[in-house]
Amino acid sequence: MAPSQAPGPAGDPDGLEDRLRRFATIWSRAVFPVTATSMTRPEVERHLLPLARELGAALHARPFDTAPAQRAGAALVAAHCTDPEALARTLGVVESYLVLYLGEGTTGAAGHGAEELRARCARLQHALAAGFAQALRERTLTEQEAIARSALAARSDAERALHATEQRFRAVFEGAAIGIGIADLDGNVLEVNDTLTRMFGGLEHHVRGRRVSEWVHPEDAPQVWKLYGELVRGERESYRVEKPYYRGDGTVLWTNLSVSLLRDAEGTPQYQLALLEDTTERRLLNLRLRYEATHDALTGLPNRTLFFERLEKTLAATDGSRFALCYLDLDGFKAINDSLGHAAGDRLLVELADRLQSCATGPGEMVARLGGDEFVALTTGRDTRRAADALAHRILSALAVPVRLDGRELTVRGSVGVVEGPAGERTPAEVLRSADITMYRAKSRGGNRFERADPEADARAITRHGLTNALPAALERGEFFIEYQPLVHLDDGSVHGAEALVRWCHPQHGVLGPDRFIPLAEHTGLIVPLGRWVLAEAVRQARYWQHRHADGGPLRINVNLSPTQLHHPGLVADTVEVLERSGLEPGALCLEVTESALIGADEDLLKPLRQLAEMGVDIALDDFGTGYSNLANLRRLPVSVLKLDRSFTQGMQRHPCDPVDVKIVEGIVSLAHSLELAVTVEGVETAAQAEQLRALGCDTAQGWYYARPGAPDRIHSLVLADAV
């Protein structure tokens, strides 16, 4: 009975062994009074300790397996804990104390949420009861069948010693703990014991004198009567099945039925012997445990397990049917939990679950709770396209009615992803993934709406997910590289410096621009190490240019900073370390920060930028004009360069220039120069545009007119050709 991987006392910082012993003590005190054993209670406790260890390990096992609980139930029978009260007390102990004492700290187990631990505990109770019942049934049936056979053999000998044998037979027949019945081969019931009579309601005429064929029940297994026919024809010696019967009052008796063929001395079939074990209570217990394992404890809705069973069955259909799935996630539910507490959040979920259940009451429809604030609704039929939209509308309409909670009226919104299609083409995992992606697309568009699944959008989302997962390894493998776009003096056309633009050479997708992976790096936090690498590589390249082109003056390098990097406490220290290691002067480095990142910035955010500016590092305000910052705020920002967004200068690409654009740019340049700020223009694509910007007093420019981003050795190779 010892578990294969049981936690021991060694290396037990969390006191697991003590909790195991306390659990075993409680268990032994519960079952010892109803156990027919020669062992003392401490000996029973030592006997139960390995079983407790197995249950604790099973509670946390991954993958989850209920076999240890079945073995524990069988071990109780082997230890003579066969009284039904022993099982009931054991289940009570497991339900009340297993999660409490062994819910955490098991060696090697991953952490589980409380709901999942309770669901696992319920399934372990189910398995323990099943193991106990199976072992007890096998033991009882084996003993009783042997007794019954002996009794009938003794009855056959009654012709030679009728009186003594009849007494012995009657003692066994009437005293058996299971129901025993004897019938002829035509199915006429000849003899029944008192136990069988009580099982059928206590009236003997409800059993004796009836024919076996009258006990047909709608839930009979398909093979029951086939096996019966083979037995009475002498083609089979015995069979065992689970069979229901109707009692006289109309209630149902569930039994484990074992039927054997009795032959005479010449081997001719003569009687059939039936042994019936009443399993009605155990079946009800199993149904209850099954319900608890497949339904959400909070809302009573079907849970993830039952939903997947239903979805698998739906998708496996081959009759041309269709399905539609609505995946709902509540918008802003975390704020309700945080502000009103989890108890209020739970009451809100219960109310919403009732509303959602009323939305899916038609044939082939169901609603389930997957966990947290996520729900799914499933509908099936021939025309699910319109049904899916109607179901999604009903769900959103049900959420729109305010919920009154603790004197407050709460308005709940939700985002719904709808997947619809024919059965048999996708797996449950693929359908749920598509619904999840679609739901988040609805949420990203403001929520309180539903979106239909789009295979192309799914593919893009899956690609983004793949890129996100590949980012850390890509940095380690050196898959990133930098291209440089020249910054040109507008007055003389000389190269003033370059902007470092990172690229990703992906093994499957080829070269990816920053728009494909920088937002992903921002989301995952990888932007900090990636930005540090870009800074170090760009500064190293700038130092090389200075050595190579010493006669042309120092080249400045521009490096972009993301909002996440601005908030990172190591920004100043990392920058200083990179400059000192390379030997590049701080004045040769310009860090570009987008205008939107500095909107409403407080002094804590501006402090590292001020420190860098005081060191001599230039700070450029990138994409200027795209945000909503007050121009007067420029005076308090530690910037020395404005990078004018290309949207202001596109009207200058051809003669005559847009006079409005000219006036706007002229005003911005005048303002910047009055604040002693240099002006750089992005997106210069024609000679006319470059000339107009030079005439307006802009200092530097970059764009495809001069050169596209390229290798560092082409920094001085200017194209000077119109790109549009």
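Contact here means heavy atoms within 4.5 Å. Keep that cut-off in hand for the tour, and remember that you are looking at a predicted model.

**Start with everything on screen**

Show the whole chain as a cartoon. You should find 23 helices and 21 strands. The radius of gyration is 40 Å, well over the 27 Å that the globule rule gives for 724 residues, so the protein is more spread out than a compact globule. Draw a box along the principal axes and the C-alpha atoms fill roughly 130 × 60 × 55 Å.

Now switch on a surface. The protein exposes about 34,800 Å², and 51% of that comes from carbon and sulfur atoms. Of the 724 residues, 48% count as buried. Take the contacts with a separation of 6 or more: 65% of them join residues 24 or more positions apart. Colour by charge and you get 79 positive and 99 negative side chains, with the centres of the two sets 4 Å apart.

**The C-terminal end: α23 and its surroundings**

Select residues 687–695, which make up helix α23. Which residues of this helix are buried? They are Ala-688, Gln-689, Ala-690, Gln-692 and Leu-693. An α-helix has 3.6 residues a turn, so residues three or four places apart point the same way. Add α22 (659–674) and β20 (678–681) to the selection, since the buried residues of α23 pack against both. Just past the helix, stop at Gly-697, which follows α23 and has a positive phi, near 95°.

Next, pick Gln-653, in the loop between β19 (641–644) and α22. Gln-653 counts as buried, at 16% relative accessibility. Leaving aside neighbours within four places in sequence, Gln-653 is in contact with Glu-685, Thr-686, Ala-688, Gln-689 and Val-724. Two of those names, Ala-688 and Gln-689, you have just met among the buried residues of α23. For a distance label, try Gln-653 to Ala-723: 9.9 Å C-alpha to C-alpha, with their positions 70 residues apart in sequence.

**Two helices with distant partners**

Jump back to α5, residues 114–156, and select Arg-149 within it. Is Arg-149 buried or partly exposed? Partly exposed, with a relative accessible area of 38%. Beyond the neighbours within four places in sequence, Arg-149 is in contact with Ser-260 and Leu-262. The C-alpha atoms of Arg-149 and Leu-262 are separated by 8.6 Å, although the two are 113 residues apart along the chain.

Then go to α8 (residues 224–232) and click on Val-232. Not counting residues up to four places away in sequence, Val-232 touches Leu-185 and Gln-272. Put a label on the C-alpha pair Val-232 and Gln-270, and you should read 8.8 Å across 38 residues of chain.

**Backbone oddities**

Most residues other than glycine have a negative phi, and most peptide bonds are trans. Here are three places to check against that.

- Arg-62 to Pro-63: this peptide bond is cis, with omega near 5°. Pro-63 sits in the loop between α2 (41–60) and α3 (67–78).
- Asp-406: phi is positive, about 55°, although this residue is not a glycine. Look for Asp-406 in the loop between β9 (403–405) and β10 (408–410), where it is exposed, with a relative accessible area of 54%.
- Asn-448: another non-glycine with a positive phi of about 55°. Asn-448 lies in the loop between α14 (428–444) and β12 (449–452), and counts as partly exposed at 39% relative accessibility.

**Last stop: the cysteines**

How many disulfides does the structure hold? The count is 0. Select Cys-81 and look for the nearest cysteine sulfur: it belongs to Cys-121, 19 Å away. Cys-81 counts as buried, at 3% relative accessibility.

Finish on Cys-359. Why is there no bond from its sulfur to the one in Cys-326? That sulfur is the closest cysteine partner, but at 9.9 Å it is too far for a bond, because a disulfide needs the two sulfur atoms within 2.5 Å. Cys-359 is buried too, with a relative accessible area of 7%.

Terms used. Residues are numbered from 1 along each chain as its sequence is written. This is a predicted model: local features need pLDDT of at least 70, side-chain atom pairs count only at pLDDT 80 or more; totals for chains, interfaces and linings use all residues. Side-chain values use heavy atoms; hydrogens and water are left out. Helices (H or I, at least four residues) and strands (E, at least two) are DSSP runs, numbered from the N terminus. The radius of gyration is taken over C-alpha atoms; the globule rule is 2.2 Å times the number of residues to the power 0.38. Buried means under 20% relative accessible area, exposed over 50%, partly exposed in between (1.4 Å probe, protein chains only). Accessible areas come from the Shrake-Rupley method with a 1.4 Å probe; for residues, only the protein chains shown count as cover. Lys and Arg count as positive and Asp and Glu as negative; His and the chain ends are not counted. The place of a charge is taken as NZ of Lys, CZ of Arg, CG of Asp or CD of Glu.
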